[in-house]
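Q: I would like a close look at a single part of this chain, set against the chain as a whole. Please take one position and describe its surroundings.

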Amino acid sequence: VQLQASGGGLVQPGGSLRLSCAASGSIFSLNIMGWYRQAPGKQREFVAFITSDGTTTYADSVKGRFTISRDNAKNTLYLQLNSLKPEDTAVYSCYVSMNAHVYWGQGTQVTVSS
């Protein structure tokens, strides 16, 4: 299983970005996909996850601003980031959890700065 994240970049406070995570390989139909982030000097932090049937869970820090979604036909995960704040600056990494295994993709950098 391989995961390829993309969509990061530099954005001003209040701006938006859309991250994507394309999964390839043997992806089981029942799985959980999600995002974590890690800021410099800080521990990795949970952001959001979505189950195969579309149930979502968010960290309190992003609730109401970020939206996670997925396209099962394309095995692709998305994260819409709105109303971005400087404290959202981090490397965002995607994962898929299935069959008792967790697979990680490489991160994509999101920088929120004026």
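A: What follows takes Thr108 as the part to examine, with the whole chain before it and Gln4 after it.

The model is predicted. The chain holds zero helices and eleven strands, and its pattern along the sequence is β-β-β-β-β-β-β-β-β-β-β. The C-alpha trace spans about 40 × 25 × 20 Å along its principal axes. A compact globule of 114 residues would have a radius of gyration near 13 Å, and the chain has 13 Å, so the two agree.

Of the 114 residues, 40% count as buried. The exposed area of the chain is about 6100 Å², of which carbon and sulfur atoms supply 48%. Charged side chains number 9 positive and 6 negative, and the centres of these two sets are 3 Å apart. Among contacts with a separation of 6 or more, 50% come from residues 24 or more positions apart.

Thr108 belongs to strand E11, which covers residues 108-112. Its relative accessibility is 8%, and because buried means under 20%, Thr108 counts as buried. Setting aside neighbours within four places in sequence, Thr108 is in contact with Ala5, Ser6, Gly7 and Gly8, and also with Leu19, Ala90, Val91 and Tyr92. One of these residues, Gly8, also has its backbone nitrogen 3.1 Å from a polar atom of the Thr108 side chain. In this pair the side chain belongs to Thr108 and the backbone atom to Gly8.

Ala5 and Ser6, both in contact with Thr108, fall within the range of strand E1, residues 2-6. Gln4 is placed in that strand as well. At 49% relative accessibility, Gln4 counts as partly exposed, because exposed means over 50% and buried under 20%. Thr108, by comparison, is buried at 8%.

Not counting residues up to four places away in sequence, Gln4 touches Ser20, Cys21, Ala22 and Gln106. The contacts of Thr108 include Leu19, while those of Gln4 include Ser20. Gln4 can also be placed relative to Thr89: these two are 85 residues apart in sequence, and their C-alpha atoms lie 20 Å apart in space.

To sum up, Thr108 is a buried residue in strand E11, with contacts that include Ala5, Leu19 and Tyr92 and a side-chain polar atom 3.1 Å from the backbone nitrogen of Gly8.

Note on methods
Residues are numbered from 1 along each chain as its sequence is written. This is a predicted model: local features need pLDDT of at least 70, side-chain atom pairs count only at pLDDT 80 or more; totals for chains, interfaces and linings use all residues. Side-chain values use heavy atoms; hydrogens and water are left out. Helices (H or I, at least four residues) and strands (E, at least two) are DSSP runs, numbered from the N terminus. The radius of gyration is taken over C-alpha atoms; the globule rule is 2.2 Å times the number of residues to the power 0.38. Buried means under 20% relative accessible area, exposed over 50%, partly exposed in between (1.4 Å probe, protein chains only). Contact means heavy atoms within 4.5 Å. Accessible areas come from the Shrake-Rupley method with a 1.4 Å probe; for residues, only the protein chains shown count as cover. Lys and Arg count as positive and Asp and Glu as negative; His and the chain ends are not counted. The place of a charge is taken as NZ of Lys, CZ of Arg, CG of Asp or CD of Glu. A polar contact is a pair of N or O atoms within 3.5 Å; within protein, one must be able to donate a hydrogen and the other to accept it, and residues adjacent in sequence count only if both atoms are side-chain atoms.
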